[in-house]
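Biologist: I would like to learn how to read helix packing, enclosed spaces and unusual backbone geometry in a model. Could we take these topics one at a time?

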Amino acid sequence: MRRISRITVAGAATASLALALAACGGTSTSSSSSSDGGKDDKGLAIAYDVGGKGDQSFNDAAFAGLELAKKDFKYETADIEPTDGETDADKQQRLESLAKQGYDPIVGVGYAYAAAVKGAAEKFPDVTFGIVDDSTIEAKNVADLVFSEEEASYLAGVAAAESTKSDVVGFIGGVDNPLIHKFQAGFEQGVKDTNPKAKVLSQYLTQTAEEGGFSSPDKGKTAAEGQIENKADVVYAAAGLSGQGVIEAAAANKVWAIGVDSDQYRQEALAKYKDSILTSAMKDVAKAVYNLAKSVEDGKPETGIVRGDLKSGEVSLSDSNPKFADDTELQDALKTAKEKIISGEIKVKSS
């Protein structure tokens, strides 16, 4: 397995230039700095997970990585929206269409693309594929871009336990699956290790993604309101677009929300709620996507499992909120916990 050194990614996503892209599936966008649009000018393409671009979280982070690659490598990029009720075959056809058009690498954003990436990679062995949040594909031309989400979630638990006044905090998962169990397990452990008296209310919005667990702010809002009624004064959501509803409910009830995946305090769409966003448990999907593109550009494509964790700096807590950043006692507790996780003294549960 070949690995490429990770480099720092800066900058944020901006709106892509909307152009029609002949590919299976939902709305697609692309942009190019080339004049002929030829195959040699095509680079990174991403296919979004449920919720699509604009989720202020997971998908937008992938888009930020695409935008930086487009800027640095001066090539054409594409980003494709999901469609309602699509099958694995639909996803695979979308990826194969991008490969036929000359895009390389091609990234499926989310574990739901596992079957599609595996199938497309077999048909296009000379194209590098990536998949975010799945480690099951073993192929010479596939990079499994995964993260130790439980480590950032543990720190979120520490932050919640240090910040609660009621000794009740909440966790809301979008979909009841092994990936989101990692967020829950780390968060609950962080809370309990910090404040054994604290109670954690945990619940999931849906059993499957198709039911809207990652794409329904209304479901997130309702769930958060229920937890707040039960005295939760810090609520952490790992629920994609649904997390916006959790943040809205927290703001309305003057309690803390903890964001996920991206620094949600800085998200423009959430600006009116930002004073209620204590921090966000981040994973640097942008960096992972960009680094895969860079490895292909350098002629040494990443393959196999490529993991981001606290030690590598690719999972972390954001410190954009001054009330969070300036809380010395809280920051000391987080620093201690982080050091113990990195050293192995604290072993964070993933389920």
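Biologist: How close do the axes of helix α1 and helix α8 come, and at what angle do they cross?

Modeller: A helix pair is read from the approach of its axes, the angle between them, the hand of the crossing and the residues that touch. In this predicted model, the axes of α1 (residues 58–73) and α8 (residues 285–297) come within 7 Å and cross at roughly 35 degrees, and the crossing is right-handed. On the α1 side the contact is made by Phe58, Ala61, Ala62, Ala64, Gly65, Leu66, Leu68, Ala69, Asp72 and Phe73, while α8 contributes Val285, Ala286, Val289, Tyr290, Ala293, Lys294 and Glu297. By class, this contact of α1 with α8 comprises 13 nonpolar residues, one polar and three charged.

Biologist: Which term describes how α6 and α7 lie relative to each other?

Modeller: The term follows from the angle, and here α6 (residues 217–229) and α7 (residues 243–252) pack at about 40 degrees, with their axes 6 Å apart. Angles under 35 degrees count as roughly parallel and those from 65 to 115 as roughly perpendicular, so α6 and α7 are oblique to each other. The hand of the crossing, as α6 passes α7, is right-handed. From α6 the touching residues are Pro217, Gly220, Lys221, Ala224, Glu225 and Ile228, and from α7 they are Gly245, Val246, Glu248, Ala249 and Ala250. This contact of α6 with α7 divides into six nonpolar, two polar and three charged residues.

Biologist: How are α2 and α3 placed, and which residues of each make the contact?

Modeller: The reading proceeds along the lines already set out. The axes of α2 (residues 88–100) and α3 (residues 114–123) come within 8 Å and cross at roughly 40 degrees, and that angle makes α2 oblique to α3. The crossing of α2 and α3 is right-handed. The contact draws on Asp88, Lys91, Gln92, Leu95 and Glu96 of α2, which meet Ala115, Ala116, Val117, Gly119, Ala120 and Lys123 of α3. Five nonpolar, two polar and four charged residues make up the contact of α2 with α3.

Biologist: Turning to enclosed spaces, how many cavities of 30 Å³ or more does the structure hold?

Modeller: A cavity is read from its volume, then from the residues and elements that line it. The structure holds three cavities of 30 Å³ or more, and the largest has a volume of about 200 Å³. It is lined by 19 residues, of which Asp49, Phe58, Phe214, Gly240 and Asp261 are the closest to its centre. The elements giving two or more residues to this lining are α1, α5 (178–194) and β10 (256–261), and α5 gives the most, with three residues. The lining of the largest cavity divides into eleven nonpolar, three polar and five charged residues.

Biologist: Which residues line the second largest cavity, and which element gives the most to that lining?

Modeller: The second largest cavity, with a volume of about 40 Å³, is lined by Val235, Ala237, Gly243, Val246, Ile247, Ala257, Ile258, Gly259, Val260 and Gln264. The elements that give two or more residues to this lining are β9 (234–238), α7 and β10, with β10 giving the most, four residues. Seven of the lining residues are nonpolar and three polar, with no charged residue. Val246 therefore belongs both to the contact of α6 with α7 and to the lining of the second largest cavity.Biologist: A pocket is open, in contrast to a cavity, and what is the volume of the second largest pocket here?

Modeller: The second largest pocket has a volume of about 410 Å³. Its lining holds 21 residues, and those nearest the centre of the pocket are Val50, Thr83, Gly85, Ala209 and Glu210. By class, the lining of this pocket has nine nonpolar, seven polar and five charged residues.

Biologist: Finally, for the backbone, which residues does a cis peptide bond join, and which residue has a positive phi although it is not a glycine?

Modeller: Such features are read from the backbone torsions. A cis peptide bond, with omega of about 5 degrees, joins Asp104 and Pro105, and Pro105 is found in the loop between α2 and β4 (106–108). The residue with the positive phi is Asp133, at about 70 degrees, although it is not a glycine. Asp133 lies in the loop between β5 (129–132) and β6 (142–147).

Definitions and conventions. Residues numbered from 1 in each chain as written. Predicted model: local features only at pLDDT ≥ 70, side-chain atom pairs only at ≥ 80, totals over all residues. Heavy atoms only, no water. 1 Å grid on protein atoms, 1.4 Å probe; cavity = no way out; pocket = protein on both sides within 12 Å on 5 of 7 lines; lining within 4 Å. Points joined across faces, edges and corners; volume = space filled by probe spheres on them. Nonpolar A, V, L, I, M, F, W, Y, C, P; charged D, E, K, R; others polar. Axes fitted to C-alpha atoms, helices over the stretch in contact; angles between N-to-C directions. Parallel < 35°, antiparallel > 145°, perpendicular 65-115°, else oblique. Left-handed = near helix turned anticlockwise from the far one by under 90°. Contact = heavy atoms within 4.5 Å.
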